[in-house]
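Subject: Structure for you to look at

Hi,

Here is the structure I promised to pass on. Could you open it and have a look while you read the notes underneath?

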Amino acid sequence: GNFSKPKFIKKIIDNNGKVIYENKTKKESVFDETTISIMNDMMRNNVQNGTAKKLSFCNKILYAKTGTVGNKHGNSDAYTISYNNDYILGVWVGNQIYSNLDNAITGGNTPALISGKIWDDIQLKENNLGEIKLSDKVNEVYIDKISYDESGKIVLADDVASNRYKIKTLIKSNISQLEKSTRFSFPSIEKPKISVNNNSIEIRLCL
């Protein structure tokens, strides 16, 4: 959660080994550690299951965000920003005359593939996993997927719900207690459909 202004030159040393200039990095806290842990978890999931999933094929622990800029005539820019505990890597694909790119070039495609090759080269040399540790002030929970998809409501998943009805996520440990779903342990039928078919009454129930 610390911000430091980017600078190109880190240090200048003369022929005698004397340091004649050194960038003294100043850091300023802009986010607390729990917010950063949750954001890192989102960016890690984006590599595993989201728009940056082409990075997952390099088999490294990475965190990433992709982006594509364009309009109805086509894309003009595509980028992938990826990072681990040691490095931040930015790959941009575009051109100097601002003409449209091939439609197949998006942030999650070409820049991600290029990034993966660079990460392979970096981490083959260093053999460093680069994993970012989660704050001990966040908790891993499962929320009810149906409530989230239908209304955006955050409700803890029912204990007996199957995995397809749950979403794993992180929350701050100091957050007030969340409501827990009883959708499966105590199901209720809100809209039964009753009809007559060949002189037989049919009642269709749907959770």
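Below is what turned up, going from confidence to aromatic rings, pockets and a few loop residues.

First, bear in mind that this is a predicted model. The mean pLDDT for the protein is 88, and 97% of the residues reach at least 70. Strand S7 (residues 88-93) has the highest confidence, at 95, while strand S11 (residues 200-204) has the lowest, with a mean of 84.

**Aromatic rings**

How many aromatic pairs does a search of the whole structure find? It finds two. Tyr63 and Tyr83 make up one of them: the ring centres are 5.3 Å apart and the planes meet at 20°, which is under the 30 degrees needed to count as stacked. Tyr63 belongs to strand S5 (residues 63-71) and Tyr83 to strand S6 (residues 74-83), so this pair ties together parts that are 20 residues apart in sequence. Are these two tyrosines buried or exposed? Tyr63 is buried, at 5% relative accessibility, and Tyr83 is buried too, at 18%.

The other pair is Tyr165 with Phe184. Their ring centres lie 5.0 Å apart with the planes at 35°, so this one counts as tilted. Both residues sit in loops: Tyr165 is between helix H3 (145-151) and strand S9 (166-172), and Phe184 is between S9 and strand S10 (193-197). The pair therefore links parts that are 19 residues apart in sequence. Tyr165 is partly exposed, with a relative accessible area of 24%, and Phe184 is partly exposed as well, at 22%.

There is also a charge over a ring to look at. The charged end of Lys166 sits over the ring of Tyr142, 4.7 Å from the ring centre.

While you have Tyr63 on screen, check its contact with Asn84. The two are 21 residues apart in sequence, yet their C-alpha atoms are 6.2 Å apart in space.

**Pockets**

The largest pocket holds about 840 Å³ of space. It has 22 lining residues, and those closest to its centre are Gly1, Asn2, Phe3, Tyr83 and Ile88. You'll recognise Tyr83 from the stacked pair with Tyr63. Strand S1 (2-3), helix H1 (33-49) and S6 each give at least two residues to this lining. Which element gives the most? That is H1, with five residues. Sorted by class, the lining comes to 11 nonpolar, seven polar and four charged residues.

The second largest pocket has about 650 Å³ of space. Its lining is made of 23 residues, with Asp41, Met42, Asn45, Lys168 and Thr169 nearest the centre. H1, strand S8 (138-144) and S9 are the elements that supply two or more residues here. H1 has the largest share of this lining, at nine residues. By class there are 12 nonpolar, six polar and five charged residues.

If you want one element to follow through both pockets, take H1: it gives five residues to the lining of the largest pocket and nine to that of the second largest.

**Loop residues**

Two asparagines are worth a look for their backbone. Most residues other than glycine have a negative phi. Asn198, however, has a positive phi of about 55°, and Asn199 has a positive phi of about 65°. Where do they sit? Asn198 is in the loop between S10 and S11, and Asn199 is found in that loop too. With a relative accessible area of 69%, Asn198 is exposed. Asn199 is exposed as well, at 79%. When you look at this loop, remember that S11 is the strand where confidence is lowest, at a mean of 84.

Last stop is Asp159, in the loop between H3 and S9. Asp159 is exposed, with a relative accessible area of 63%. Its C-alpha atom is separated by 8.8 Å from that of Lys180, which is 21 residues away along the chain. Tyr165, from the tilted pair with Phe184, lies in the loop between H3 and S9 as well.

That's the lot from me. Have a look when you get a moment.

Cheers

Terms used
Residues are numbered from 1 along each chain as its sequence is written. This is a predicted model: local features need pLDDT of at least 70, side-chain atom pairs count only at pLDDT 80 or more; totals for chains, interfaces and linings use all residues. Side-chain values use heavy atoms; hydrogens and water are left out. Rings of Phe, Tyr and Trp (its six-membered ring) pair if their centres lie within 6.5 Å; planes under 30 degrees apart count as stacked, over 60 as edge-to-face and the rest as tilted. Helices (H or I, at least four residues) and strands (E, at least two) are DSSP runs, numbered from the N terminus. Buried means under 20% relative accessible area, exposed over 50%, partly exposed in between (1.4 Å probe, protein chains only). A charge sits over a ring if NZ of Lys or CZ of Arg is within 6 Å of the ring centre and within 35 degrees of the ring normal. On a 1 Å grid over the protein atoms alone, a cavity is a set of points where a 1.4 Å probe fits but cannot get out, and a pocket is an open set with protein on both sides within 12 Å along at least five of seven lines; lining residues have an atom within 4 Å of a point. Grid points are joined across faces, edges and corners, and a volume is the space filled by probe spheres set on the points. Ala, Val, Leu, Ile, Met, Phe, Trp, Tyr, Cys and Pro count as nonpolar, Asp, Glu, Lys and Arg as charged, and the others, Gly among them, as polar. pLDDT is the predictor's confidence in each residue, from 0 to 100.
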